[in-house]
Amino acid sequence: MAHIHKPLLGLLLFATTAFGQDAGSSDQETIRLLVQQVKELQQQVAALQAKSSGTPASAAPLSQPAEPQPDAAARAAELAEASLIMHEVHGIQWRGFGEVDYKVLDQRNQPGLGTFGFVPGSAGNFFTGDFDLFLSSKINDKASVLSEIVIGEGDAQTFNVDLERLLLKYEYDDHLKLSFGRYHTAIGYYNTAFHSGRWLQTTVNRPLIMEFAAEGGILPTQAVGVQAEGLIPSGKLGLQYILEYGSSDTVRPDIDGSGEIDDENNGNHINLGFYFRPDPVPGLQVGGSIYHDKISDIDFGPTARMSQSIGNAHVVYVAHGVEFLNEGFLIRHALEHSNLVFNNPAFYSQFSKRFGRIRPFFRYQYINANQKGSFEDVGLYYGPSFGARYDFDDNIAFKTQLDHTARKTRPDLNGLQMQLAFTF
Amino acid sequence: MTAKWMVIVLGGLAVLPCPSPAIAQTAGTAVVVSEKNRTREITLDELRKVFRGERRSWAVGMPIKLIVRDQGTPERVALLKLLGMSESEYKQYWIAQIFRGEAEAEPIALPSLGMQMEALTVFSGGITFVSAATVKPGMRVLKVDGHLPGDSGYPLH
C-alpha cells in the first residue's frame, strides 16, 4: 500500500501544485481548482466503492471518524466551491447588503427631513435605505483594493450613488498597514466597526452621534487621505495605533426640519487613536482618539473659521454572544480670533446578548449640543431604544426597534422601526 | 490496478489520514504550519488572535494564510471553541472582518486532510488545525503555550 500510495500522492500533489501555479491569478482561484479536484476524486471514490460493493454510491462506508464521509465531504466541497464562485469574479471578492424598512412615528416627521428615504411630513412609510455593494481585490501579498459603493434612498424614492470608501491598502506587516483613499474616519469605535451595511449592525440604525453626516450626523465621518495603523509591541496589552491625515468635507442637513444644509468646509484633519485589545480578555477593546481640523460656520460670518477638536473614549466588549458598546465624545468648537468656545458632549451605550437566533438589545444615547453653536438643530437630544434582532439564517435578519427621544425645545418623539436586513 | 486498489488509494488521498509515527498515538488537535515556516511555537492568546484575523503576518513579515476545516469536523469544533463563537457567529464575524477591510477573504475551508496538506504546500504562510493523530510529513507541529499535542497541559483538545 505504502509503495503505491506515495508515488501516486506525489504525482497528484505535483499535478495539483503545477496546475494551481499555472492557474494562480489569485489564491482563491487556486483553492477553487483544488476543491474541484478533490470533489472529482471523491466522486470517483464513491462510484468505485459502489461498483465494488454493489451498494449505492451514497452508502459509502465510514473510514475514519475524524474525517467526513465522502458524500458529506463532496457536499461541503460543493458548498465551498459555490461560495467562492458566488463571491469571486476574476479575483474580485464582492458582497452586497440591502434592507427594507418600515418606520412609524407618533407625530409627523418634520418637513424637509427625508433621510434614508423616510418621507418628509409623513408619520410612517416604507423605504429601502442603503443598498451597498462591497468589492475587494488582492493585488499581491501585501497590497489590496477595497471599495464600497452605496445606492442610497432620498426623498420621494429618489436614489443617489455614493462612493463610501475606496482604499488602496498596503500591509507591510502587523505593525504598519497603510491605506490611501476615501475612508470612514477612525473617530472612536463604531465608525471603524460598522459601515453602511445595516445587516452588520444589531440595531436598525446608528446612534445619532455616529450617524453619517449626509444623514444629519454631527461628526466628520468620511474623508480622503492616508491612514496608518498597526500593532505597537506591548506584550499581552495588545496596544494598537491609528493615524489619519486627510481632507474631510462635511455637508449635513439640519435635523430640525428647517431644510437648511450646513457645509463645514473642513480643512485638512489629523486624527490619532490608540486602543488596547488585551490578551487575557478576548473581545475587549479600550481606547480613544483625538481629531482636529478647522471648519466654517456661515452663522458666524462668511469668513469665520472655527477650530474643531473631537475627543473620544470607548470601552467595547464583543464576545461569547455579548455585545457591549460604550463611547463618549466631546466636540469642541473654538471660534478663531474670539473667546467663543462651544462644547458638545455626547455618549451612547448599547448592550445586546444573543440567545440562539434572537438578540434583544438596549441602547441609550445622549447629545447635548450647544444651541448657540453649529449644531443648534440638534440641541439636547437623548433617550432609550430597545428591540430585538432575529436571524432567519446566516444572511437574513429581521429587526424591530422602539425609540423614545427627548428633545429640549420640541415634543418627545416615539417611533417604531422594523427592518429586514440581508447580505448576499 | 483493480477497482479495490483504486478505492483504497483514491480514498486515502481524499479522506484517509496517514498517521505520522511520531505523533500517531497522541490526542488532541495539532496546530500545524508549512515546513518552510520558521515558527516553532505560539501562545494560545496569539493563536486566538491569528485565527481572529488580528495577527496577519508572521514575525518575518510573511503573510499568514488561514486554513480551516469544514463544518462538523473535530478540527472545526476545536477552532470555534478557541474563538468562543458559534458556527453562525463565526460566519458573521468574517463577513464583518472583510467589510471592515481587516481581511481580504474568509479563511479557506477545506474538506479533507489531503487538501490541507496541499494548501500548506501552496501557501508557505499557511496555518491550520489537524487531528494530532493525522499529522503528516511536511507539516510542522507548533508548540502551544510550550506544549505539544499529547503533553499534559496542552490546551487544544
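Welcome! In chain A, take the contacts between residues at least 6 apart in sequence: 52% of them join residues at least 24 apart. Keep in mind as you look around that this is a predicted model.

**Stop 1: chain A.** Select the whole chain and colour it by secondary structure. You will find four helices and 20 strands. Chain A has 424 residues, and 39% of them count as buried.

**Stop 2: the sheet in chain B.** Now switch to chain B and show its strands. Five of them form an open sheet in the order β4-β3-β5-β1-β6, and the pairing is mixed. Which strands stand at the edges? Select residues 108–110 for β4 and 139–141 for β6 of chain B: each has a single partner strand, so one side of each is left without a neighbour in the sheet. Then turn the view to follow the twist: on average, neighbouring strands of this sheet are turned by 35° against each other, direction ignored.

**Stop 3: a pair of strands.** Select β3 (residues 65–69) and β5 (residues 126–131) of chain B. These two pair in the parallel sense over two bridges. Show the side chains of L66(B) and I127(B) as well; I127 belongs to β5(B), and L66(B) stands opposite it.

**Stop 4: helices across the sheet.** Add helix α3 of chain B, residues 74–83. Helix α3 lies across β1 (29–34), β3 and β5 of chain B, and runs at about 115° to β5(B). Next, add helix α5 of chain B, residues 113–122. Which strands does α5 of chain B lie across? They are β1, β3, β4, β5 and β6 of chain B, and the helix runs at about 155° to β5(B).

Notes
Residues are numbered from 1 along each chain as its sequence is written. Chains are lettered from A and ligands numbered from 1 in the order in which they are written. This is a predicted model: local features need pLDDT of at least 70, side-chain atom pairs count only at pLDDT 80 or more; totals for chains, interfaces and linings use all residues. A residue is buried if 20 or more other C-beta atoms lie within 10 Å of its own, exposed if 12 or fewer, and partly exposed in between; C-beta atoms are placed from the backbone. Two residues are in contact if their C-beta atoms, placed from the backbone, lie within 7 Å. Two strands pair if DSSP finds at least two bridges between them. Axes are lines fitted to C-alpha atoms, for helices over the stretch in contact, and angles run from 0 to 180 degrees between N-to-C directions.
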